[in-house]
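Here's a quick look at the enclosed space in this protein and at what surrounds its ligand. Have the viewer open and follow along.

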Amino acid sequence: MATRPESNLEELQHKVRELKEKLNAVVVAHNYQRPEVQDVADFVGDSLELARRCADMEAETVVFCGVRFMAETAAILNPSSTVLLSHPTAGCPLADMISITDLAEWKAKYPEATVVAYINTTAAIKADSHICCTSANGVRVVESVPAGEILFIPDQHLGHYVSTKTKKRMILYPGFCVTHTRLNEEQVKLAKQHHPEAEVLVHPECRAEVIALADAALSTSQMIRHAKESSAKSFLIGTEEGILHPLRKANPGKTFHLIANSLICPDMKKTGLETVIKTMELKQTTVTVPEEIRAKARQAIDRMLATA
Ligand code: SF4
């Protein structure tokens, strides 16, 4: 990935700040966004933190630097704001792995099961689910559901990780994150050989055998908190490389190494300062959710937020 001269970045960041004022806009960015995008955002966080922020916002316009399902979540939680997605085709392959028809078939197969949907799903899938969860609260959400049988969609690895922490019977839909599943045992072992002193933190979207080699499986914001509190000075990180920026910012005296260079989400990287500027200047790409779907999806998200 080509690096841009500092001065050019500053000019572009200045332009974004001017546009924010002009549009009375709030810019939010996921922890996986490029560092220069995170640095112009009003809030940076993981899906759970951003969902909470969006629910409380009063901005005329929310510019969501992330992928489509995240902007949809903002539109579900804040219907009075105009929600703009920072790149028109930034999607999430994991979210696209389950369709309404797929979900209907799985529900018919397991009629007793309660559907728990990872936040990485489309608005329509959320609307057809009982409750949402994120990688930060999956165990708590599953435990909060009265039913003994859970149909967990769409990420099999997060679902498997949660299943190791609960006695509930979990039926796992076979979706996966293309970025996190690239990480394998050999890469973790090799990184541990190079940095034997480092604490190993991975995301629960990783394969079970990768999680088994780690010291902890944490959401991105949990990683930032954990690194601050840990006595370790060096860390091996098994999640999308954008997280290195907030980790280093929050922990100036500590060292962070990405376990493998392949931990890059191409959709998250579609957004750059130029696309943010274009989004704001042209007031594109507006993300809306039909009211009937929005109201039902909101219930599933509100149930999740109530478990906190
Ligand atoms: Fe989707 Fe994985 Fe990219 Fe996250 S990192 S947006 S789950 S593809």
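What volume does the second largest cavity have? It comes to about 60 Å³. Keep in mind that this is a predicted model.

## The second largest cavity

Its lining is made up of S47, L50, A51, F64, M70, T73, A74 and I119. Two helices chip in here: α3 (47-56) and α4 (68-77) each bring at least two residues to the lining of the second largest cavity.

Sorted by class, that lining has six nonpolar and two polar residues, with no charged ones.

## The largest cavity

In total, the structure has two cavities of 30 Å³ or more. The largest cavity holds about 280 Å³ of space.

There are 26 residues lining the largest cavity, and Y32, N120, H180, E205 and M268 are the ones nearest its centre. The class split for this lining is 13 nonpolar, 10 polar and three charged.

## Around the ligand

So where does the ligand sit? You'll find the ligand in the largest cavity. The residues around the ligand are Y32, C92, P93, L94, N120, C177, E205 and C265.

By class, this shell counts six nonpolar residues, one polar and one charged. Y32, N120 and E205 turn up among the residues around the ligand and also among those nearest the centre of the largest cavity.

Notes:
Residues numbered from 1 in each chain as written. Predicted model: local features only at pLDDT ≥ 70, side-chain atom pairs only at ≥ 80, totals over all residues. Heavy atoms only, no water. Near = heavy atom within 4 Å. 1 Å grid on protein atoms, 1.4 Å probe; cavity = no way out; pocket = protein on both sides within 12 Å on 5 of 7 lines; lining within 4 Å. Sits in = over half its atoms within 2 Å of the grid points. Nonpolar A, V, L, I, M, F, W, Y, C, P; charged D, E, K, R; others polar. Points joined across faces, edges and corners; volume = space filled by probe spheres on them. Helix = DSSP H or I, 4+ residues; strand = E, 2+ residues; numbered from the N terminus.
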